[in-house]
2 protein chains.
Amino acid sequence: MAQDGKRRAGATPGASAAARARPPSMADVAALAGVSGQTVSRVANNRSNVDEATRERVLSAMKMLGYRPNTAARALATGRFRMIGVVTFDLRAHGNARVLESVVSAVQDTDYSVSVVAVRSHSEQAVREAFDRLSTQAVDGIIVNEPQMLDTAALRLRSDLPIVVVDRDDRHRYPAVGSDDAEGVRAAVTHLLDLGHHTVAHLAGPQDSYPARRRAEAWHRTLKDAGRLTPPVDYGDWSAESGYLIGRQIAERPDVTAVFAANDQMALGLLRALHEAGRPVPDDVSVVGFDNLAESAYFLPPLTTVNQDFEEIGRQSVALLLDQMESAPAEGTAPRGAAAVSVAPRLVVRGSTAPPRA
Amino acid sequence: MAQDGKRRAGATPGASAAARARPPSMADVAALAGVSGQTVSRVANNRSNVDEATRERVLSAMKMLGYRPNTAARALATGRFRMIGVVTFDLRAHGNARVLESVVSAVQDTDYSVSVVAVRSHSEQAVREAFDRLSTQAVDGIIVNEPQMLDTAALRLRSDLPIVVVDRDDRHRYPAVGSDDAEGVRAAVTHLLDLGHHTVAHLAGPQDSYPARRRAEAWHRTLKDAGRLTPPVDYGDWSAESGYLIGRQIAERPDVTAVFAANDQMALGLLRALHEAGRPVPDDVSVVGFDNLAESAYFLPPLTTVNQDFEEIGRQSVALLLDQMESAPAEGTAPRGAAAVSVAPRLVVRGSTAPPRA
DNA sequence: CGCCGCCATGTTGGCGCTAACATCAACCGC
DNA sequence: GCGGTTGATGTTAGCGCCAACATGGCGGCG
């Protein structure tokens, strides 16, 4: 390993270099094209002030050598990494995976790349650790995709980097993008009331989750606004299993004719519990979910649910982040009142809802 | 030479104010700790030959300044990026998301980071493009998570980088990690035969997918080996919808008493089709899936399926890649017969299978 | 006691690239 | 035609870090 003639600068300047695997550098291209390195740099960066003929010559030299600019060198020289960090949580959760996918996809349309860090627990420390990793790891901006635990107090991130949080909430200080949960919930609950149900029970997500809380609140307000009674809330953990377990209890309450579940997976468990308890859906009980998984249309019965536009959320997050990165190079320090982008959800009516039994 | 002559303030007259709070560099730490930069470097890289007292002094200086090594500079100097690239496909597919998650997780236990590139189509060109992005983007190794289209011919990747493919197949030239599909399928089909079914129909994945093909072949062989008839195969596209559509046809074949679906989502569609056709599962028809989604235990009825250990697959992929990266620094060029790691699947018996009607 | 080798630490050079300035030719209007 | 432009290109000096060598103190051993 020691020798290898690794310094090509030394001897054999023009002669057949040792051809050792070292990738071609700007200097190689420059030599081949008969220009200076700076000109190669200009071509590589698409600067305008290069003569057309020269540009072509350089380009063909690049192609001939299979030249690719060295990202590390560029980053070192410019101080920018052309890289966006994403902090994400459990990818088994459908929504997280969808958001990640669309973020990656959106970033790919720019000349940035994506570095992903996973957080394994919802603790503040875990988030902070992930953050540290990313800050160390040379990114120019960060997208935090963790709608679960974002206590305003908790998320005080040591970071001079632009940040976007995927979570529609007004309470924290970072720019955010997310579904307008309240609107989706209102549509779902109103749909049930319009069908003639007196009120709607709620199978909520975990209490420490922001979106879960928001959905529960929206459910509550919608019923209140309609002058209906608000039955006690049951809290699951987003899983089908919790939906099933809680569903067994719900099934025993004969007064319940309609249930709004905070996500589709819990709704699935609920459907099974109701089925086993001999309470047919939607004849006896109506069920609405939230998320619109690809599978939900094939549940028994097909699930009425609220569709979330994850693609749009990812796209908007990236747009917002890039926006910040450009406008606030590193200066400012003005977190400026945290722009919030809201993406509209949409009710999808299927077979799990019907008027209550006469 | 150690003097501060390097101050940019001196060189650039009247230039932008020094307001730019540049992050602390190694030199800053060195100055504060009263050592040379090289010693700081040694401490940062955990080299052994540093006096304990010195090390502590440097460490505390680092902490005081909030020093983080600059990845770009390090990469430039060493030629290694400490970064692993992952090429992934549709993250809506449960398996892909799971694999990605476990890869990210496993990488996180090393001091590497992960850069993700998504491929949007199964074409060779798309894969190649993703590859180019990654090669340009400074990674030391690549994991390709696309079990779908990996025609040996197609995947001839211009790359001197170590590669691991997530796909258990002997046909291509890269080291690979994947589930032992054949074994899982054998378990599933045998389970049905043992229950007393004469034969088992197959709802397969798309014909251009390797795992789909492998599963179909394994199904075929298992039946052959048992001396059973092999009914015609139907091909879906992995989606619940395709499972439903094809399921409607299957439901019309009275001779069918057991179906093996190539994944859980299609099995879900199939369950619904059978239900609608008045063919109860498992009393009239038994169904087995593949993947073991978290939701599958709550289908109606709970789905018997083959569990894939995605975590293990991710972990092994990373291990294999790191292994390669260390053993074949840049030399060799010997792709060495493509190691293949196989992860054992496991049959999970639930309520969707039963003996055929007497 | 003098030579050797070992260890902790310092010094030098350069990784590949770009910003900022320097240069040089062509060209402008009056 | 001459100062002043403009546009294309070259030159210089690092960006922050690490590999390789250089140095200098110290103990061991014949």
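This dialogue reads the chain symmetry, the strands and one helix pair of a predicted model.

Q: How are chain A and chain B related when one is laid on the other?
A: Chain A is laid on chain B by a turn of 180 degrees. The shift along the axis is 0.0 Å, and the RMSD is 0.1 Å. The two copies are thus related as by a two-fold rotation axis. The same surface serves both copies, with 98% of the contact residues of chain A recurring in chain B.

Q: In what order do the strands of the open sheet in chain B run, and is the pairing parallel or antiparallel?
A: The general idea comes before the case. Strands of a sheet pair through backbone hydrogen bonds, in either a parallel or an antiparallel sense. In chain B, four strands form an open sheet in the order 7-6-8-9, and the pairing is parallel.

Q: Which strands stand at the edges of that sheet in chain B?
A: Strand 7 (234–235) and strand 9 (286–288) of chain B do. Each has a single partner strand, so one side of each is left without a neighbour in the sheet.

Q: How many bridges pair strand 8 of chain B with strand 9 of chain B?
A: Three, in the parallel sense; strand 8 of chain B covers residues 258–261. To find the register, look at Phe260(B), which stands opposite Val288(B) in strand 9 of chain B.

Q: What does helix 11 of chain B touch in the sheet?
A: Helix 11 (residues 264–276) of chain B packs on the sheet and touches strand 6 (201–204), strand 8 and strand 9 of chain B. The direction of helix 11 makes about 165 degrees with that of strand 9 of chain B.

Q: Which strands of chain B does strand 5 join by bridges?
A: Two bridges join strand 5 (residues 176–179) of chain B to strand 4 (residues 163–166) of chain B. Four bridges join strand 5 of chain B to strand 11 (residues 340–343) of chain B. Both pairs run parallel. Val166(B) stands opposite Val177(B) in strand 5, and Gly178(B) stands opposite Ser342(B) in strand 11 of chain B.

Q: At what angle do the axes of helix 1 and helix 3 of chain A cross?
A: Roughly 125 degrees, for helix 1 (residues 26–33) and helix 3 (residues 52–65) of chain A. Their axes come within 9 Å. The two helices of chain A are therefore oblique to each other. Their crossing is right-handed.

Q: Which residues make the contact of helix 1 with helix 3 of chain A?
A: Helix 1 of chain A brings Asp28(A), Val29(A), Leu32(A) and Ala33(A). Among those from helix 3 of chain A are Arg57(A), Val58(A) and Leu65(A). The contact residues divide into eight nonpolar, no polar and two charged.

Definitions and conventions. Residues are numbered from 1 along each chain as its sequence is written. Chains are lettered from A and ligands numbered from 1 in the order in which they are written. This is a predicted model: local features need pLDDT of at least 70, side-chain atom pairs count only at pLDDT 80 or more; totals for chains, interfaces and linings use all residues. Side-chain values use heavy atoms; hydrogens and water are left out. Copies are superposed by least squares on the C-alpha atoms of residues with pLDDT of at least 70 in both. Contact means heavy atoms within 4.5 Å. Two strands pair if DSSP finds at least two bridges between them. Axes are lines fitted to C-alpha atoms, for helices over the stretch in contact, and angles run from 0 to 180 degrees between N-to-C directions. Angles under 35 degrees count as roughly parallel, over 145 as roughly antiparallel, 65 to 115 as roughly perpendicular and the rest as oblique. A crossing is left-handed if the near helix is turned anticlockwise from the far one by less than a right angle, and right-handed if clockwise. Ala, Val, Leu, Ile, Met, Phe, Trp, Tyr, Cys and Pro count as nonpolar, Asp, Glu, Lys and Arg as charged, and the others, Gly among them, as polar.
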